[in-house]
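User: I would like a close look at a single part of this protein, followed by a connected account of what surrounds that part. Please keep to what the model itself shows.

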Amino acid sequence: MDKVRSVAVIVGSLRKDSINRKVANALTGLAPAELKLGIVEIGELPIYNQDGDQNPPAAWTEFRARIRAADAVLFVTPEHNRSVPAALKNALDVGSRPYGKSAWTGKPGAVVSASPGAIGGFGANHHLRQSLVFLNVPAMAQPEAYIGGADKLFDANGKLVNDGTRKFLQGFMQAYAAWVAANIKE
Ligand SMILES: Cc1cc2nc3c(=O)[nH]c(=O)nc-3n(C[C@H](O)[C@H](O)[C@H](O)COP(=O)(O)O)c2cc1C
């Protein structure tokens, strides 16, 4: 087996019963052994304000340290008004500063979006990719993951009950493991 790599998973929803959190949990269970996934929470991050760079809130510092400590980053997000949820954009901004000290830079990334809607959060997925270009996060191009009809994929206990989706997500994580191995900065 290749060396084990740690993956910071960022869930773009703060909702208790979030579909995207269920997708993230499913991905954690389906990941190959060389990836160790852990969710890094974003719900308690104060809104980014450049004035805070001199004396940053502890939550910003802790978040930046957790991203820095990870080998790779995986985003699992809903779409809000055809774009990235505000909490996720805030997390990107917090992690990107102070200027020149971004925690994101060089971490191999991947994006999954999920929605009850048919197009599976495509808009959020691609707006997020735009930021990742600037943040120097090499984001896996294929396979793309827009999970539509996602409210129908889990049972009452949050367990993935759709075999086709399970197979797809498993393949996605295998491709991501290869992407991480090929793009990691030692
Ligand atoms: C403010 C807001 C905007 C939304 N905009 C979209 C949208 O643009 N596209 C979409 O597919 N769903 C949209 N939705 C519905 C979400 O996909 C749905 O609430 C989904 O369950 C959110 O993901 P979560 O379950 O992980 O929280 C929106 C929901 C909210 C609260």
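How much space lies in the largest pocket?

Analyst: The model is a predicted one, and about 270 Å³ of space lies in its largest pocket. The lining is made up of 14 residues, and those closest to the centre of the pocket are Ser-96, Arg-97, Ser-102, Phe-134 and Leu-135. Two elements, helix 3 (86–96) and helix 4 (122–134), each give two or more residues to this lining. Helix 3 gives the most, with four residues. Sorted by class, the lining holds six polar residues, four charged residues and four nonpolar residues.

Arg-97, one of the residues closest to the pocket centre, also takes part in a particular feature of the backbone. The peptide bond that leads from Arg-97 to Pro-98 is cis, with omega near 0°. Pro-98 itself is placed in the loop that runs between helix 3 and strand 4 (109–114). A cis bond is also found from Gln-142 to Pro-143, again with omega near 0°; Pro-143 belongs to the loop between helix 4 and strand 5. As a general point, most peptide bonds are trans, and most residues other than glycine have a negative phi. On the second count, Asn-81 has a positive phi, near 50°. Asn-81 lies in the loop between strand 3 and helix 3.

Helix 4, which contributes to the pocket lining, is also linked to strand 5 through aromatic side chains. Five aromatic pairs are found in the whole structure. In one of them, the ring centres of Phe-122 and Tyr-146 are 5.1 Å apart and the planes stand at 55°, so this pair is tilted. Because Phe-122 lies in helix 4 and Tyr-146 in strand 5, the pair ties together parts that are 24 residues apart in sequence.

Strand 5 leads on to the sheet. Five strands form an open sheet in the order 2-1-3-4-5, with parallel pairing. Strand 2 (35–39) and strand 5 (146–147) are at the edges and have a single partner strand each, so one side of each is left without a neighbour in the sheet. Within the sheet, strand 1 (residues 5–11) and strand 3 (residues 72–77) run parallel and are joined by five bridges. Val-9 has Leu-74 of strand 3 as its bridge partner. Helix 2 (residues 58–69) lies across strand 1, strand 2 and strand 3, and runs at about 135° to strand 1.

Terms used. Residues are numbered from 1 along each chain as its sequence is written. This is a predicted model: local features need pLDDT of at least 70, side-chain atom pairs count only at pLDDT 80 or more; totals for chains, interfaces and linings use all residues. Side-chain values use heavy atoms; hydrogens and water are left out. Two strands pair if DSSP finds at least two bridges between them. Contact means heavy atoms within 4.5 Å. Axes are lines fitted to C-alpha atoms, for helices over the stretch in contact, and angles run from 0 to 180 degrees between N-to-C directions. On a 1 Å grid over the protein atoms alone, a cavity is a set of points where a 1.4 Å probe fits but cannot get out, and a pocket is an open set with protein on both sides within 12 Å along at least five of seven lines; lining residues have an atom within 4 Å of a point. Grid points are joined across faces, edges and corners, and a volume is the space filled by probe spheres set on the points. Ala, Val, Leu, Ile, Met, Phe, Trp, Tyr, Cys and Pro count as nonpolar, Asp, Glu, Lys and Arg as charged, and the others, Gly among them, as polar. Rings of Phe, Tyr and Trp (its six-membered ring) pair if their centres lie within 6.5 Å; planes under 30 degrees apart count as stacked, over 60 as edge-to-face and the rest as tilted.
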